[in-house]
Amino acid sequence: QVQLVESGGGLVQAGGSLRLSCAASGSIFSPNAMGWYRQAPRKQRELVATIISGSITNYADSVKGRFTISRDNMKDTVTLQMNSLNPEDTAVYYCTAHFTRPRLMDYWGQGTQVTVSS
């Protein structure tokens, strides 16, 4: 059973930085893609950033230039470096992993709270 374990959330002042990490375990195969989504109160879950095959990145327009996603392929971990945070970034952040082997399957972490105070 694949598990995603997230860490690094917390409370930060506007303009500050946080670093989220997520480690995937439980499969002999590596995920094809990993990423982060977030869900703010009373809003739908939205894409933050994804990284495919370890190098192809995609970002939501709202975080471009402020957030950086990276992956350690040897450890199946993904990291989201978040800079210049603002209160609109406050949300629960979810790690996700997309596997193509042994079958197509998406997994989600339990989420980590990020709160940015003004």
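Let us start at a turn in the chain: Ser-84 lies in the loop between β8 and β9. Here helices (H or I, at least four residues) and strands (E, at least two) are DSSP runs, numbered from the N terminus. The phi angle of Ser-84 is near 50 degrees, a positive value in a residue other than glycine. With a relative accessibility of 44%, Ser-84 counts as partly exposed; that term covers the range between buried, under 20% relative accessible area, and exposed, over 50% (1.4 Å probe, protein chains only).

Before going on, a word on what you are looking at. This is a predicted model, in which local features need pLDDT of at least 70 and side-chain atom pairs count only at pLDDT 80 or more, while totals for chains, interfaces and linings use all residues. Residues are numbered from 1 along each chain as its sequence is written, and side-chain values use heavy atoms, with hydrogens and water left out.

Now for another loop residue. Asp-76 is found between β7 (67-72) and β8 (77-82). Its phi is near 55 degrees, again a positive value in a residue other than glycine. Asp-76 is buried, at 12% relative accessible area. In the loop between β9 and β10 you will meet Pro-102. Arg-101 and Pro-102 are joined by a cis peptide bond, with omega about 0 degrees.

Next, look for the sulfur atoms. How many disulfides does a search of the whole structure find? It finds 1, where a disulfide means a pair of cysteine sulfur atoms within 2.5 Å. The partners are Cys-22 and Cys-95, whose sulfur atoms are 2.0 Å apart. Cys-22 belongs to strand β3 (residues 18-25) and Cys-95 to strand β9 (residues 91-99), so the pair ties together parts that are 73 residues apart in sequence. The link is left-handed, with -80 degrees about the S-S bond. Cys-22 is buried, at 1% relative accessible area, and Cys-95 is buried too, at 0%.

The rings come next. A pair of aromatic rings is described by the distance of the centres and the angle of the planes. Rings of Phe, Tyr and Trp (its six-membered ring) pair if their centres lie within 6.5 Å; planes under 30 degrees apart count as stacked, over 60 as edge-to-face and the rest as tilted. The whole structure holds 2 aromatic pairs. In one of them, Tyr-37 and Trp-108 meet edge-to-face, 5.1 Å centre to centre with 65 degrees between the planes. This pair links distant parts of the chain, as Tyr-37 is in strand β4 (residues 33-39) and Trp-108 in strand β10 (residues 105-108), 71 residues apart. Tyr-37 is partly exposed at 24%, and Trp-108 is partly exposed at 39%. The rings of Phe-99 and Tyr-107 have centres 5.6 Å apart and planes at 90 degrees, so this pair is edge-to-face. Both Phe-99 and Tyr-107 are buried.

Trp-108 has a charged partner as well. The charged end of Arg-45 sits over the ring of Trp-108, 4.8 Å from its centre. Arg-45 also lies over the face of Tyr-94, at 3.8 Å from the ring centre. A charge sits over a ring if NZ of Lys or CZ of Arg is within 6 Å of the ring centre and within 35 degrees of the ring normal.

We finish at Thr-112, in strand β11 (residues 112-117). Is Thr-112 buried or exposed? Thr-112 is buried, with 13% relative accessible area. Beyond its neighbours within four places in sequence, Thr-112 has contacts that include Glu-6, Leu-20 and Tyr-93, contact meaning heavy atoms within 4.5 Å.
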